[in-house]
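Could you walk me through this structure, stop by stop? I have it open in a viewer and would like to know what to select next and what I will find there.

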Amino acid sequence: MKISIIGTGYVGLVSGACLAQKGHHVFCVDVDPVKITKIAQGVPPIYEKGLEDILRNHVHVNLFPTTDLSKAVLESDVSLVAVGTPFNGSEIDLTYIKQVSQQIGNVLKEKPGYHLVVVKSTVVPGTTDSVVLPILEQASGKKAGVDFGVGMNPEFLREGEAVEDFLKPDRIVVGGWDTKSQELLEKVYEGFSGVPVLKTSNSTAEMIKYTSNCLLATLISFSNEIGNLCASMGNVDALEVMQGVHLDKRLSPILPDGQRVVPSLTTYLEAGCGFGGSCFPKDVKAIIAHGIKEGLPMELLQAVVEVNRRQPMEIINLLKKHFPSLQGVKIGVLGLAFKPGTDDMRESPAIPIITMLVKLGAKVQAYDPVANQEAKHFLNGVDVSFVDGLQEVVEDVDAVVILTRWKEFADVQQFIANRDPQPVLVDGRRILDKKSIAKYEGIGA
Ligand code: NAD
């Protein structure tokens, strides 16, 4: 099939690359010429495992990066819209969605034949049918269900595992305005045999995405609240508590041969320094705002946001146990991105933590295996220095703070073991054995 992807960010680029790998003829469209030039050279503008190989094999073969939306829509059968849907402080910001709907509608006016427009961005329920569809009809002068189709296909990839998640999805949700839209959208995924396909309305597809993200965010805030209580009691460690909870056979089922299945869901039931990223924070807030519009205040989700807003400050509290004043204290921060495997800094807990440390007078140096460059933009104006390795970041510091769960950070122990005095180690992700570190502090410990 000929597919145009509008918006070539984390979702659009991975989707485009993977659909090209599956044999489709794909146009990746973006307004950002710098991104498009990089992709055209086979260079991914983001860090994502496996992406570069796919680009190398498919760019200019069956993957065509372009800034020309009009040509891409005219030459394709289906357009997948993957532009950003940020939270503007009071509700979801649909500016990009509306712009793209208008642009596609203008092209459809001139395009003979049927075309399917699919929203892949995360949008609040009702957006595809009540915002996108009317703009398409008005701009094209054509009729949905007759001249063009409208679908909704939420994306569930996890950054850091995005290529693998896209190529081996756990589900494909196919929302459609009508059966014809659903059937054409299903064809996009014909090469994904054995994957459950859930066919539904556009609004239900939109709600599935929010419900999934809100559930996971709720598990994290729940775990953090429990972790903070454990820590304040002093003699109960949240790590052990959660291990005990994970052993519930409803969470980690026991197979007939006695083996345990340990689902990755248990990783959301661990105390840490808070969730971040481009999805959970904005999506939970957007659905709360949507609930309020519907006359339904979502109190549980409001608490999820509030717990998460406070959680990064737990790191500061742990440091203050050793340094009542942080003025002049030298701190090495390990990890900047909101999770390992990505350079995405959007809403990373590292941002409020480092900003607060600097405000309190600490001297901060930081290291992330892939996100240093991206972090420089997000921490622009904050007095922090970036170093290039694990050993350098912990050299000569009074305290080490772990903020991202990179596996390689486990090696930090060997770099501080022989130091005298030993630096304080604040483990924001509970990846180290607390008994083997002289001055250990951990979330929930
Ligand atoms: P992003 O900001 O990385 O990418 C969006 C891209 O759209 C940018 O490159 C931007 O230049 C481009 N764009 C904006 N207006 C455009 C236009 N008129 N024409 C062409 N391109 C345009 O965003 P993202 O992280 O890829 O997220 C996209 C959507 O997918 C959001 O709704 C997000 O909630 C959702 N989502 C994201 C993830 C994730 O892990 N990042 C996972 C699932 C769903």
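## A tour of the model

Lys22 makes a good place to begin: select Lys22 together with Phe192, and you will see Lys22 over the face of the Phe192 ring, 4.4 Å from the ring centre. Keep in mind along the way that this is a predicted model.

**Stop 1: the rings around Phe192**

Keep Phe192 on screen and add Phe166. What kind of aromatic pair do Phe166 and Phe192 form? The pair is edge-to-face, with 6.0 Å from centre to centre and 75° between the planes. Those two values are the usual way to picture such a pair, since a pair of aromatic rings is described by the distance of the centres and the angle of the planes.

Now colour the helices and strands. Phe166 belongs to helix α7 (residues 162-167), while Phe192 sits in the loop between α8 (179-188) and β8 (197-200), so their pairing ties together parts that are 26 residues apart in sequence. Are these two residues buried or exposed? Both Phe166 and Phe192 are buried. For Phe166 the relative accessibility is 3%, and because buried means under 20%, Phe166 falls in that class.

Add Tyr189 to the selection, and you have a cluster of Phe166, Tyr189 and Phe192 linked by ring pairs. Across the whole structure, a search finds six aromatic pairs.

Before leaving Phe166, show Val14 too. The two are 152 residues apart in sequence, yet their C-alpha atoms are 7.5 Å apart in space.

**Stop 2: another charge over a ring**

Next, select Arg171 and Phe156. Arg171 lies over the face of Phe156, at 3.7 Å from the ring centre.

**Stop 3: the ligand**

Now centre the view on the ligand and show the residues around it. How many residues are there around the ligand? There are 26, and those that come nearest are Asp30, Lys35, Thr85, Glu159 and Lys282.

Zoom in on three side chains here:

- Lys35: a polar atom of its side chain is 2.5 Å from an oxygen atom of the ligand.
- Glu159: a polar side-chain atom is found 2.7 Å from a nitrogen atom of the ligand.
- Gln103: an N or O atom in its side chain is 3.1 Å from a nitrogen atom of the ligand.

Switch on a surface if your viewer offers one. On its own the ligand has 840 Å² of accessible area, and the protein covers 90% of that.

Which helix gives the most to the shell around the ligand? That is α5, with three residues. Both α1 (10-21) and α5 (95-110) supply at least two residues each. Colour the shell by residue type, and you will find 10 nonpolar, nine polar and seven charged residues.

**Stop 4: Thr128 and its partner**

Move on to helix α6 (residues 127-140), where you will find Thr128. Thr128 has a relative accessible area of 0%, so it counts as buried. Show Glu206 as well: the side chains of Thr128 and Glu206 make a polar contact at 2.5 Å.

**Stop 5: Asn308 in α12**

Select helix α12 (residues 299-310) and pick out Asn308. With a relative accessibility of 11%, Asn308 is buried. Then add Gly276: it is 32 residues from Asn308 along the chain, and their C-alpha atoms are separated by 8.8 Å.

**Stop 6: backbone details in the loops**

The last stop is about the backbone, so hide the side chains if you like.

Start with Glu347, in the loop between β9 (330-334) and α14 (350-359). Its phi is near 55°, a positive value in a residue other than glycine. At 44% relative accessibility, Glu347 is partly exposed.

Go on to Arg430, in the loop between β13 and β14 (440-442). Phi of Arg430 is also positive, near 55°, and again the residue is not glycine. Is Arg430 buried or exposed? Its relative accessible area is 9%, so Arg430 is buried.

Finish at Pro421, in the loop between α17 (412-416) and β13 (424-427). Look at the peptide bond that leads from Asp420 to Pro421: it is cis, with omega near 0°.

Key
Residues numbered from 1 in each chain as written. Predicted model: local features only at pLDDT ≥ 70, side-chain atom pairs only at ≥ 80, totals over all residues. Heavy atoms only, no water. Phe/Tyr/Trp six-rings, centres within 6.5 Å; stacked < 30°, edge-to-face > 60°. Helix = DSSP H or I, 4+ residues; strand = E, 2+ residues; numbered from the N terminus. Buried < 20%, exposed > 50% of the residue type's maximum accessible area, 1.4 Å probe, protein only. Lys NZ or Arg CZ within 6 Å of the ring centre and 35° of its normal. Near = heavy atom within 4 Å. Polar contact = N/O pair within 3.5 Å; in protein donor to acceptor, adjacent residues only side chain to side chain. Areas by Shrake-Rupley, 256 points an atom, 1.4 Å probe, with all protein chains shown as cover. Nonpolar A, V, L, I, M, F, W, Y, C, P; charged D, E, K, R; others polar.
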